[in-house]
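Reader: I should like to examine how the descriptive terms applied to this structure are justified. Please set each value against its criterion.

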Amino acid sequence: MLRASASSLRFTPVYSSPHPKDDLRTAPFSFFLEIDGVCILLDCGWDDTFQSSYLEQLLPFAQRADCVLLSSPDIAACGALPFVAKHLKHGAFISACSSTVKIGLHNVLNHFLYHYPSVGSFEIEGVAEAFALDVDAIYGAFRTIQEPYGGKTRVQSRHKEVECESLFAGRLFGSFNWLIKYQIDELFYCPDLTVKQSHCLQRMTFPNSSSVLFLQSFPFGATPVSAAKKKEEQAQDLFQRMLPTLRGGGDVLLPVNAACRGLDVLATVLHLISERSSESEKGKYKVVLAAFQAAEILSEAATMTEIMKHEVISSDHLLFADAIPCSSAEEVLRIRGPKIVLADGAALQFGLAAELLEHFLAPTRQGGENLVLLTDPLHPGTAASHFMSAYTQKQERVSFSFVHRRVLNKEELEKYYVEQERLLETEKQKVEAHGAFEVLQDDIAVDEDEAAETDQEPAANMMEDVAGLVIPSYLNFKPKSKFLLFPPLETSSTLSTTQSHHSAYGLPLSEEEKILLRHRMPTPQLAEGDALEDMTLHHDAQEEAKTPSEISTRKVTCNLRCKFMYLDLSGHVDGATLKTVLNAKLHFVKKVVAIRGGTDEGRQLSLVCRSSNSMKCGDHVFTAQSAGSTLELATRVFSYVVDVDPKLANTFANNVCKVRGTNQKDVWEVGWVNGQLRARGSDMPDEPESKRARTEASIDSFRLSAVSGPDVQRCAEFRNRNNLHKGSFFVGEMELSMLRDEAKKSGLHSEYHRKNPMLVFDEGVCVRKGATPQGGVVTISAVINPTMFEVRQNVYKQFDQIL
């Protein structure tokens, strides 16, 4: 039996199942999918503390992967991308949508900058060289990502091809699910979903068909009460909580993940301020996004038209035009209130939200209270959870600590660069001590005698001294030495001192054109009160991120003089909503695999699928938990190798009929023979493995041979006793006259049509036979009635008898 489906579909979780006390929504996740030898790494997450244990689990899978698919810009999905990009094999690639790349870069970079001042080194077991993570490694990894053309990408390996299509998840800027297709198998990888309508983002896209579903199961665990609210109810609740503080002259702080869920929260806040504020309040309240690269995040998010609604794209007003980007806490404090500040650092462990918290804890100038509105789920042990419990218990003073990043001043920068030069000099001395060569300086000291000899002898004579050696003109051959002197590498100082004829590159410009370009060059603007020497030019974001800084932990104790509130704006669905989605949108799946959850969540998902009347998966619900444990999800289909006896093969030509496939133009030659299927003996050679795609190892191959005399009689008696027809294929030729006679015996009367080759039965049932090059085509036309079924049964009998 032949079937175009995967012979092996192996699904392996890379990381171990999270601890029951950990938050399943923020736990890193990564999975390894193998389809008939095509290896795909689904996501490569890392935790926000950068533990090296995740890299050790990820390394063997990254080295085998043919492709890496990223589904979310969250660090839990793409945090370890720089490590994976370094260890991919030749020919492997990384694929992600454009919005995932843009937001994921800033998300990983923000977490890295608040944990390491410049470079993070990680020792990996089994790897001699430590993995170094820095700003250039993060930018370089995300720049190697290939964006799928039209949302589709193809993975080819070992003459197999797998098609992967991205479907928008609807919850984050850059969050996508993947529909993986191979032959007739369709796998829907769904680590993130939402059904809540966003102000600016499109709705989630569901597939029309899928055989295997990889679904998040953490919504069946402990879910906040507010997660079940509708989007409109959450927006109204958010506006009603902020408005009294703003009218009282206070400021509102919303700790968010700026390069993740914070963008959708920012769009919601801007929409609420513009639509629900009164006429006197419009333009009064400022909205600020405080993050390290806030300006770059807003500019890139405003261009993600592939995930935005049509009315947002076609609007004359840009999406984030009213938001004020700030890259430091000092810039935020300069803006006069009342204002709404969405600051990076949802857990208040690090980021600008933690740095601004001390200011928001103090009362306002008018004696009012500020508001800190927590929007992400509260994790035990974090500063956000600590503040919420202290406010609930009405404590007057509270102590907290957070990670602070500070750019080095002028004196510290000088010490930093002196230390870097000392380290480079030490490394160079180690190389000279252990190597068999000499490291030459830029300013090579040459003796006067050697210099005089060099000036007297031309370079051409030097080259002729060595037979068979051709030296380029830019190399110098030092007499009485066996080393070639290569030119020194160009540096910024040497390039600045080059002559004008060395820098003449590209199209020549006249003096008039140069003056015109200088006039059109934008002039840096100075703020009021700033001196000329305080003017700084903003360079590339990557270079700005590499500015030497200092990481420290600050401990603060202050009075609790503000209001704390909690409103879940994470956008996750709860268990009841996910159950409705399964019954309404994903009921057609044949197998379900629970991911991003624990044992209890997987058990709850299994109960939901089994108790549902519309779900077709039944008991085929699995849970991926322990790292390295593989699930085999391929459907068991047996294919057998059958050798036809040469004597029996000679009779095929006499009993072959042409058959056209259903809804196809292909023509097959099908014949009926009397044969006997026997298992081949052990002395016969086995079929090569390459010629059978799916074979059960415990079953031998077979041989089809002619039926012997006693077996022919026995088969004929069995066929007559059970009223079996000679064949079961509806092929061959049918005569309308024979159909008329056979139908008449059943009490069905018919007449020939005058002009067309057609039989007209009672109740308006017509049987037409049309001539085609491949053979006759029989068509039954009628309104559904009992006569139609009786006529159709007679037509089937005609085919059976002829065959």
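Author: Two strands count as paired if DSSP finds at least two bridges between them. The model discussed here is a predicted one. Within it, Leu254 stands opposite Leu342 in strand 16.

Reader: What makes strand 13 and strand 16 a pair, and how do they run?

Author: Pairing requires at least two bridges, and 5 bridges join strand 13 (residues 252-256) to strand 16 (residues 339-344). The criterion is met, and the two strands run parallel. They belong to an open sheet of 6 strands in the order 15-14-16-13-17-22, where the pairing is parallel.

Reader: Why are strand 15 and strand 22 said to stand at the edges?

Author: Strand 15 and strand 22 (563-566) each have a single partner strand, so one side of each is left without a neighbour in the sheet. On average, neighbouring strands of this sheet are turned by 20° against each other, direction ignored.

Reader: Which strands form the sheet that contains strand 30, and what is its pairing?

Author: That open sheet consists of 3 strands in the order 26-30-29, with mixed pairing. Strand 26 (642-644) and strand 29 (675-679) are at its edges; each has a single partner strand, and therefore one side of each lacks a neighbour in the sheet. The average turn between neighbouring strands here is 30°, direction ignored.

Reader: How do you know that strand 29 and strand 30 are paired?

Author: The requirement is at least two bridges, and strand 29 is joined to strand 30 (residues 702-706) by 5 bridges. The two strands run antiparallel. In strand 30, Ala706 is the bridge partner of Gly675.

Reader: Why is helix 4 called roughly antiparallel to helix 8?

Author: The axes of helix 4 (residues 98-113) and helix 8 (residues 294-301) come within 10 Å and cross at roughly 160°. Angles over 145 degrees count as roughly antiparallel, so that term applies to helix 4 and helix 8. Their crossing is left-handed.

Reader: Why does the term roughly antiparallel also describe helix 4 and helix 5?

Author: Helix 4 and helix 5 (residues 135-143) have axes that come within 10 Å and cross at roughly 165°. With the cut-off at 145 degrees, helix 4 and helix 5 are therefore roughly antiparallel to each other. The crossing of helix 4 and helix 5 is right-handed.

Reader: What makes Phe31 and Tyr189 an edge-to-face pair?

Author: A search of the whole structure finds 21 aromatic pairs. In one of them, Phe31 and Tyr189 lie 6.2 Å apart, centre to centre, with 70° between the planes. Rings pair if their centres lie within 6.5 Å, and planes over 60 degrees apart count as edge-to-face; both conditions are satisfied by Phe31 and Tyr189. This pair links distant parts of the chain, with Phe31 in strand 2 (residues 31-35) and Tyr189 in strand 11 (residues 185-190), 158 residues apart. Both Phe31 and Tyr189 are buried.

Reader: Why is the pair of Phe173 and Phe320 called tilted?

Author: The ring centres of Phe173 and Phe320 are 6.2 Å apart and their planes stand at 50°, so the pair is tilted. That angle falls between the limits for stacked, under 30 degrees, and edge-to-face, over 60. This pair also links distant parts of the chain: Phe173 is in the loop between strand 9 (160-168) and strand 10 (176-182), whereas Phe320 is in the loop between helix 9 (310-314) and strand 15 (323-326), 147 residues apart. Phe173 and Phe320 are buried.

Reader: Why is Asp43 called buried?

Author: A residue is buried if its relative accessible area is under 20%, and the value for Asp43 is 0%, so Asp43 is buried. Asp43 lies in the loop between strand 3 (38-42) and helix 1 (52-64). Its phi is near 70°, a positive value in a residue other than glycine. Most residues other than glycine have a negative phi.

Reader: How do you know that the buried residues of helix 23 line one face?

Author: The buried residues of helix 23 (residues 736-745) are Leu736, Leu739 and Ala743. Seen down the helix axis, they fall within an arc of 55°, so they line one face of helix 23. On the other side of helix 23, Lys744 and Lys745 are exposed.

Conventions: Residues numbered from 1 in each chain as written. Predicted model: local features only at pLDDT ≥ 70, side-chain atom pairs only at ≥ 80, totals over all residues. Heavy atoms only, no water. Phe/Tyr/Trp six-rings, centres within 6.5 Å; stacked < 30°, edge-to-face > 60°. Helix = DSSP H or I, 4+ residues; strand = E, 2+ residues; numbered from the N terminus. Buried < 20%, exposed > 50% of the residue type's maximum accessible area, 1.4 Å probe, protein only. Arc of directions from axis to C-beta. Axes fitted to C-alpha atoms, helices over the stretch in contact; angles between N-to-C directions. Parallel < 35°, antiparallel > 145°, perpendicular 65-115°, else oblique. Left-handed = near helix turned anticlockwise from the far one by under 90°.
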